[in-house]
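Student: I would like to work through this model with you, one question at a time. Please give the reasoning before each value or name.

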Amino acid sequence: MRPARALIDLAALRHNYRLARELGGRKALAVVKADAYGHGAVRCAQALEGEADGFAVACIEEALELREAGVRAPILLLEGFFEADELALIDAHDLWCVVQAEWQIDAIERARPGKPFTLWLKLDSGMHRLGLAASDYRASLQHLQALPHVREVVAMTHFARADELDCERTDEQRALFHQVCDELHLPASLSNSPALLGWPTAQGEWARPGLMLYGATPFAGPHPVADRLQPVMTVTSKVIGVRELAAGEPIGYGARFVTSRPSRIGVVAMGYADGYPQFAPNGTPVTIDGRPGALVGRVSMDMLTVDLTDHPAAGLGSEVELWGGQVSVSELALHSESSAYQLLCGLKRVPRSYIGE
Ligand SMILES: Cc1ncc(COP(=O)(O)O)c(C=O)c1O
């Protein structure tokens, strides 16, 4: 069997969730969209059930997968519904729903659910992706609150630049949110992971941590709180071939690496079809049997190459960590001009196994 593996540590996931809730101070929805950022939504939700105040997903398909697996906690649809007929399923499966546009409010008005809806009314406080404009927010809220089939409304917004700790934009967004929402006396939800970790004054009733649950920092450098996160996913594979080469020999596609000394090169079963960044440069960190090592040569679809010259004990079957407990996914992201979000969500084809249930 191909030796590429992803080991998911569910105890680390719970540790990170507890940290998120401690930072937010109140309740936290665990964001498990995109298959829990590549970690397996059902397994992650089950590991957090009983502990998490609820979950958040991108769409009804993701919510139904959790309900079908027996997850009974609240589940929020972060983009609401895409078509009005989803409201019947939202009702039937007792889902919470973000409302981010006028047409959704009209559809909610026309719906006749068996139970009243819990809605999260989204303010566009400056990200300019989804959400109602500040000038429309109060009227939209009144419209919803006048409907007999609306039980509760939570006021929410989303930050665009909270990972930039010296950028004023988060404070501007926060100020607009408070200006519009403070007098409305609704529970509030502002924070994603970077806001929870880096903007202690930008909290509300409900936090919405995603990335930090999986143990990755959203920041480019060290951070005293983010450094308390524990990595959840460790991706490893093995050396499946070894080449002894003289100085001056090219390796792999495009000869991007040419040996500068007599070298031993290890071929590892991991490639960009697994989600490893194709253009990770020479020198990108890996570990080889637990010791720091380096990628050399261009990453192929199913394989990549590492320098074993300074690892005399390593050879066929040696374990190579691509990211995880020793090479943080954020560090790999920095090297490869990618992001921890993209790397985690982009893992494909690699069998997952779980510890720490
Ligand atoms: C509306 C919303 N809230 C929360 C999150 C979680 O963000 P993060 O993974 O940065 O914690 C996301 C993620 O994209 C989101 O879209």
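Student: What distance should the 13 residues of helix α8 span at 1.5 Å a residue, and how far apart are its end C-alpha atoms?
Tutor: This is a predicted model, in which local features need pLDDT of at least 70 and side-chain atom pairs count only at pLDDT 80 or more, while totals for chains, interfaces and linings use all residues. Residues are numbered from 1 along each chain as its sequence is written, and side-chain values use heavy atoms, with hydrogens and water left out. Helices (DSSP runs of H or I, at least four residues) and strands (runs of E, at least two) are numbered from the N terminus, and the expected span of a helix is 1.5 Å times one less than its number of residues. For α8, residues 169-181, the expected span agrees with the separation of the end C-alpha atoms, because both come to 18 Å.

Student: Which residues of α8 are buried?
Tutor: Buried means under 20% relative accessible area, exposed means over 50%, and partly exposed is in between, using a 1.4 Å probe and protein chains only. By that criterion, the buried residues of α8 are T170, Q173, R174, F177, V180 and C181.

Student: Within what arc do the buried residues of α8 fall, seen down its axis?
Tutor: An α-helix has 3.6 residues a turn, so residues three or four places apart point the same way. The arc is that of the directions from the helix axis to the C-beta atoms. The buried residues of α8 line one face of the helix, because the arc within which they fall is 135°.

Student: Which elements are included in what covers the buried residues of α8?
Tutor: Contact here means heavy atoms within 4.5 Å. The cover of the buried α8 residues includes one helix and two strands, namely α7 (134-145), β7 (150-156) and β8 (188-189).

Student: Where is S191, and with which side chain does the side chain of S191 make a polar contact?
Tutor: S191 lies in the loop between β8 and α9, and it counts as buried because its relative accessibility is 1%. Leaving aside neighbours within four places in sequence, S191 is in contact with L196, A202, Q203, A207, R208 and P209. A polar contact is a pair of N or O atoms within 3.5 Å; within protein, one must be able to donate a hydrogen and the other to accept it, and residues adjacent in sequence count only if both atoms are side-chain atoms. At 2.7 Å, the partner of the S191 side chain is the side chain of Q203.

Student: Which residues come nearest to the ligand, and what share of the ligand's area does the protein bury?
Tutor: Of the 15 residues around the ligand (each with a heavy atom within 4 Å of it), those that come nearest are K33, Y37, S193, G210 and Y341. An oxygen atom of the ligand is 2.7 Å from a polar side-chain atom of K33, an oxygen atom of the ligand is 2.6 Å from a side-chain N or O atom of Y37, and a ligand nitrogen atom is 2.9 Å from a side-chain N or O atom of R208. Taken alone the ligand exposes 390 Å² (by the Shrake-Rupley method with a 1.4 Å probe; for residues, only the protein chains shown count as cover), and the share that the protein buries is 91%.

Student: Is E337 buried or exposed, and what is its relative accessible area?
Tutor: E337 is placed in the loop between α10 (329-335) and α11 (340-345), and its phi is near 50°, a positive value in a residue other than glycine. E337 counts as exposed because its relative accessible area is 80%.

Student: With which residues is K348 in contact, leaving aside its neighbours within four places in sequence?
Tutor: K348 lies in the loop between α11 and β18 (352-355), and at 46% relative accessibility it counts as partly exposed. The C-alpha atoms of K348 and Y272 are separated by 9.2 Å, although these residues are 76 apart along the chain. With those sequence neighbours set aside, the contacts of K348 are A273 and D274.

Student: How many residues does the protein have, and what percentage count as buried?
Tutor: The protein has 11 helices and 18 strands, and its C-alpha atoms fill a box of roughly 80 × 45 × 35 Å along the principal axes. Of its 357 residues, the percentage that count as buried is 55%.
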